[in-house]
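The following paragraphs lead from the chain as a whole to its strands and its interior. Please keep the sequence and the model in view while reading.

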Amino acid sequence: MSAVTVPPGSERPAADGEEHRPRVGLNLFWRTFFLLAILLIGSIMAWLHTLLSLEYEPRALHTAQQIASLVNLSRAALIHADAIARVSLIKTMADQEGVRILPREPGDSYTPLDDDRFGRRMTDELVRRLGQGTVVAQVVNGERGLWIGFAINGDSNWLLLDQSRFSPASGMTWLIWLATAGALSFAGAAAIARLINRPLKQLSRAANRVREGDFAGSTLDEHALTTEIREVNLGFNRMARRLAQLEQDRVVMLAGISHDLRTPLARLRLETEMSVADADARDHMISDMAQLDAIIDKFLDYARPDHVDVGPVALGDVVASCVYAVEEHDELQIRVDIPEGLGVIAESTELARVVSNLIENARRYGKSPGTDVAEVEIAATPTRDGQQVVLTVRDHGVGVSPDVLPDLTKPFFRGDTARTSATGAGLGLSIVDKTVRRMGGTFALSNASNGGLSARIQLRRAEGKPPAPSAQNGSEKRLWRPSVKRRQLSKQ
């Protein structure tokens, strides 16, 4: 299992007895969306309840008033018409208005109107207007409709109307309306949530770019319409510019100090070689100066600009050049397993610096137990999807404590606090992590299952065969020398 390095301070240390439990995160967009949706749906339901309460009463009274008026008009017309005109009137009402008047027989069977709020209110109103004995039914002798039973001069009759003319909206109508209102509410909630969270999302992206050192690409809109957002953007841009200036000043300072130390250090070494008579003391002093010079190199590497131009690089050639530089070290045994023609998207000099730092780290701290030799394995394999390449550099030492793994890439951190003979400034792995991220890759450290520390670098894979490196000077020729003597690990 690999332990991915994290920025310092990004995790809160667990208290004694406290377990780290994964917290379920909710995207701010969805949180705002759900809150708005709940508010809108609650408002719709309350409004619907109010509408139904206010709609049934007026509709029932209006319908009952229309039916009562129709019954009274029909009753008056039939009372004052003679027999011949009465037949003609009944026929005309049926043909033109869809109103039928039928005699009510004692044996008629009927089904009363639905016992709901609308049916009860309309029935009560019709009884009040037409008098006791009025019957309101929806089915008479198997025929469906709106039936009103009333009397004309003591004779019982039925007035049959089309029920759809007076029926309230059906449940399906309300369901369709509610579904439409709900869909529009959800769409509105999504639009509002997106609009509200857009500035915060932009701020989050800009903060991530600042964290990665991209100060130029983290500028926010300083002319936003919302006053609060405009003030936040102005403050963030000022902070980003200030951080960029501080980073630039730090780089210049480190580079200047490191460069200025070289001249007196060179004079000290020259005087030591010429003035110190004791050979043993002279060798120790020169060794200490060489360590100081190596530390200065680390500072210069760490102070390098964050921008780097990447392109296709032959991974095997870069690793071979790094191995060639240390192949004469008796305390190193290196085995390389990299497929021929495997390329990555990187910068050759930066990638060589990464590999050299990892080899040097393994040489110093990854010696096999009981020996003075560091057995190092360097291997590279494409990922399963073929889009990435994983470069692994591991030793067979004692490894490090799992609690220390996340801190190994912090500048000036040393994993072994009891180490008194360690040389360097604690910048090697920090430079590796910083350089790999500059090239768009990821870097992780973990303890190997069978002992030792394993460094894992993941970079984008280059399409096709990378071009052969061009030699511009002597150092480049040495860096890219293809014929390398590769030491093989002895089988044990």
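What does the accessible surface of the chain come to, and what share of it belongs to carbon and sulfur atoms? The total is about 29,600 Å², with 55% belonging to those two kinds of atom. The model under discussion is predicted. Its chain holds ten helices and 13 strands, and 35% of the 492 residues count as buried. Contacts between residues at least 6 apart in sequence were also examined: 69% of them join residues at least 24 apart.

A loop may be considered next. Asn141 sits between strand E4 (135-140) and strand E5 (143-152). Its phi is near 50 degrees, which is a positive value in a residue other than glycine. Is Asn141 buried, partly exposed or exposed? Because its relative accessibility is 48%, and the partly exposed class extends from 20% to 50%, Asn141 counts as partly exposed.

Further along the chain, strand E9 covers residues 343-346. Gly343 and Ile345 point one way from this strand, while Val344 and Ala346 point the other way; all of these residues are buried. E9 pairs with strand E7 (residues 311-314) in the antiparallel sense, over four bridges. Within this pairing, Pro312 has Ile345 as its bridge partner in E9.

Strand E11 takes part in two pairings. Strand E10 (residues 374-382) runs antiparallel to E11, and seven bridges join them; Thr381, for instance, has Val390 of E11 as its bridge partner. The hairpin of E10 and E11 has five residues between the strands, and there Gly386 adopts a positive phi near 75 degrees. E11 also pairs with E13, again in the antiparallel sense and over seven bridges, with Ile457 of E13 as the bridge partner of Leu391. E11 is mostly covered, six of its eight residues being buried.

The last topic is enclosed space. Rolling a probe the size of a water molecule over the atoms reveals where empty space remains. How many cavities of 30 Å³ or more are counted? The count is one, and the largest cavity contains about 60 Å³ of space. Its lining consists of Leu358, Asn361, Ala362, Val393, Arg394, Asp395, Leu445, Leu453 and Ala455. Helix H8 (348-365), strand E11 (388-395) and strand E13 (453-460) are the elements that give two or more residues to this lining. By class, the lining has six nonpolar residues, one polar residue and two charged residues. The paired strands E11 and E13 thus reappear in the lining of the largest cavity.

Notes
Residues are numbered from 1 along each chain as its sequence is written. This is a predicted model: local features need pLDDT of at least 70, side-chain atom pairs count only at pLDDT 80 or more; totals for chains, interfaces and linings use all residues. Side-chain values use heavy atoms; hydrogens and water are left out. Buried means under 20% relative accessible area, exposed over 50%, partly exposed in between (1.4 Å probe, protein chains only). Contact means heavy atoms within 4.5 Å. Accessible areas come from the Shrake-Rupley method with a 1.4 Å probe; for residues, only the protein chains shown count as cover. Two strands pair if DSSP finds at least two bridges between them. On a 1 Å grid over the protein atoms alone, a cavity is a set of points where a 1.4 Å probe fits but cannot get out, and a pocket is an open set with protein on both sides within 12 Å along at least five of seven lines; lining residues have an atom within 4 Å of a point. Grid points are joined across faces, edges and corners, and a volume is the space filled by probe spheres set on the points. Ala, Val, Leu, Ile, Met, Phe, Trp, Tyr, Cys and Pro count as nonpolar, Asp, Glu, Lys and Arg as charged, and the others, Gly among them, as polar.
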